[in-house]
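Reader: I am new to this structure. Please take me through one part of it, the sheet shared by the chains, and what packs around that sheet.

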Number of protein chains: 2
Amino acid sequence: MELFNAIAKRHSYRGSFKDIAITKQDLQKIVQAGIDAPSGCNAQTTSFIIVDDEKILDKLNEIVSGKAMNTAKAVIVVLSYPIEAYYDMSFAKEDYSAAVENILLAVTALGYATVWIDGQIRREEKAEKIARLLDVPNNLIVRVVLPIGVPKVKKEQKAKLPFNERAWFNGYKK
Amino acid sequence: MELFNAIAKRHSYRGSFKDIAITKQDLQKIVQAGIDAPSGCNAQTTSFIIVDDEKILDKLNEIVSGKAMNTAKAVIVVLSYPIEAYYDMSFAKEDYSAAVENILLAVTALGYATVWIDGQIRREEKAEKIARLLDVPNNLIVRVVLPIGVPKVKKEQKAKLPFNERAWFNGYKK
């Protein structure tokens, strides 16, 4: 899919997925897009666990609920390693966010849909429960889960403010 | 440009740019890609100032130096509004990072190059100086500057660790 088309078509999908499997090849292509994202000082602080085993999907769904999680054929769990990369600064959040955005676009381009689940897993120790389920070591943080599948219902990107309320030339609100 | 091609070709460019102007239309298309990025709870916390006025580019270059800043035909300044979007959580960093990634891909697809300058402007009050130059109000943070142009020298994406050192199926390092 052409880049600007993928950017325009990308949207959050919280509904049910069709009962159609996702090939390992597609999952690898999607995650490779995340690997290819930039990271501060090329520190590559983001890593990924791809869950497509039905038993583990069921256990994940006990921790994070919703129609998308309930019916996803695969879930990508995004791990972040919050090191200091430049002076005392960590870019781990920036790194995983750029990686997730690449993954969202890759998911879109291959005809699937997903939703960036993030804030929800920072509550009720959900991230910690996912880490225990997947044997994630203590020095990594489970930051995002991305349930993936073929959407049952067609959705569109949420409306954005118009260009002239988000961007200006040569000065703020000019 | 096809999405996966853009993802693979995207790279940081710190060298000099050719003396070729960038059209307003291209700059708008590039920034629209940033506007179209997702944001936590669709709060749209990221905004953009596109500097293409030579006098203001010269002043920006006095604050942030380097070959790319010195010869850029335009610089996109990324502003972040760090509100709490969900319970007491802010996703402002995630929001601007996803927007910047879309912009990097758009820049690549249109035949330009850029570099994500971030940590550097958090030092020596550079972000604050840029804010004063561009009349950015105090409730917004200048987070990133992106010098854009046609690269003089062909560069490639930095090598990434292989797939099996960044991603695993159904459990950590499995």
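Author: What follows looks at one sheet, its neighbours and the contact around it.

First, the ground rules. This is a predicted model: local features need pLDDT of at least 70, side-chain atom pairs count only at pLDDT 80 or more, and totals for chains, interfaces and linings use all residues. Residues are numbered from 1 along each chain as its sequence is written, while chains are lettered from A and ligands numbered from 1 in the order in which they are written.

Start with the sheet. Helices (H or I, at least four residues) and strands (E, at least two) are DSSP runs, numbered from the N terminus. Two strands pair if DSSP finds at least two bridges between them. Four strands form an open sheet with mixed pairing, in the order β3(A)-β2(A)-β1(A)-β4(B). The edges are β3 (141-148) of chain A and β4 of chain B. Each has a single partner strand, so one side of each is left without a neighbour in the sheet. From one strand to the next, the twist averages 20°. Axes here are lines fitted to C-alpha atoms, for helices over the stretch in contact, and angles run from 0 to 180 degrees between N-to-C directions.

Now the join between chains. β1(A) and β4(B) pair in the parallel sense, over three bridges. A:Ile49 has B:Trp168 as its bridge partner. A:Ile50 has B:Phe169.

Two helices pack on this sheet. α2(A) touches β1 and β2 of chain A together with β4 of chain B. Its direction makes about 165° with that of β1(A). Helix α6 (residues 126-133) of chain A touches β2 and β3 of chain A, and its direction makes about 80° with that of β3(A). Contact between two residues means that their C-beta atoms, placed from the backbone, lie within 7 Å.

Look closer at α2(A). This helix has twelve residues, 24-35. At 1.5 Å a residue it should span 16 Å, and its end C-alpha atoms are 16 Å apart, which agrees. The expected span is 1.5 Å times one less than the number of residues. A residue is buried if 20 or more other C-beta atoms lie within 10 Å of its own, exposed if 12 or fewer, and partly exposed in between, with C-beta atoms placed from the backbone. The buried residues of α2(A) include A:Leu27, A:Ile30 and A:Val31. Their cover comes from both chains: it includes β1 (46-51), β2 (74-80) and α5 (92-109) of chain A, and α1 (3-9), α7 (163-166) and β4 (167-169) of chain B.

A:Val31 also meets a strand residue. Leaving aside neighbours within four places in sequence, A:Ile76 is in contact with A:Val31, A:Phe48, A:Ile50, A:Ile103, A:Leu146 and A:Ile148.

Step back to the contact between the chains. Chain A gives 61 residues and chain B gives 61 residues. On the side of chain A that touches chain B, α5(A) gives the most, with eleven residues.

Chain B offers a strand to chain A in turn. β4(A) and β1(B) pair in the parallel sense over three bridges. A:Trp168 stands opposite B:Ile49. Six of the six residues of β1(B) are buried, so this strand is largely enclosed by the rest of the structure. B:Thr46, B:Phe48 and B:Ile50 lie on one side, with B:Ser47, B:Ile49 and B:Val51 on the other. β1(B) also pairs with β2 (residues 74-80) of chain B, in the antiparallel sense over six bridges. There, B:Thr46 has B:Ser80 as its bridge partner.
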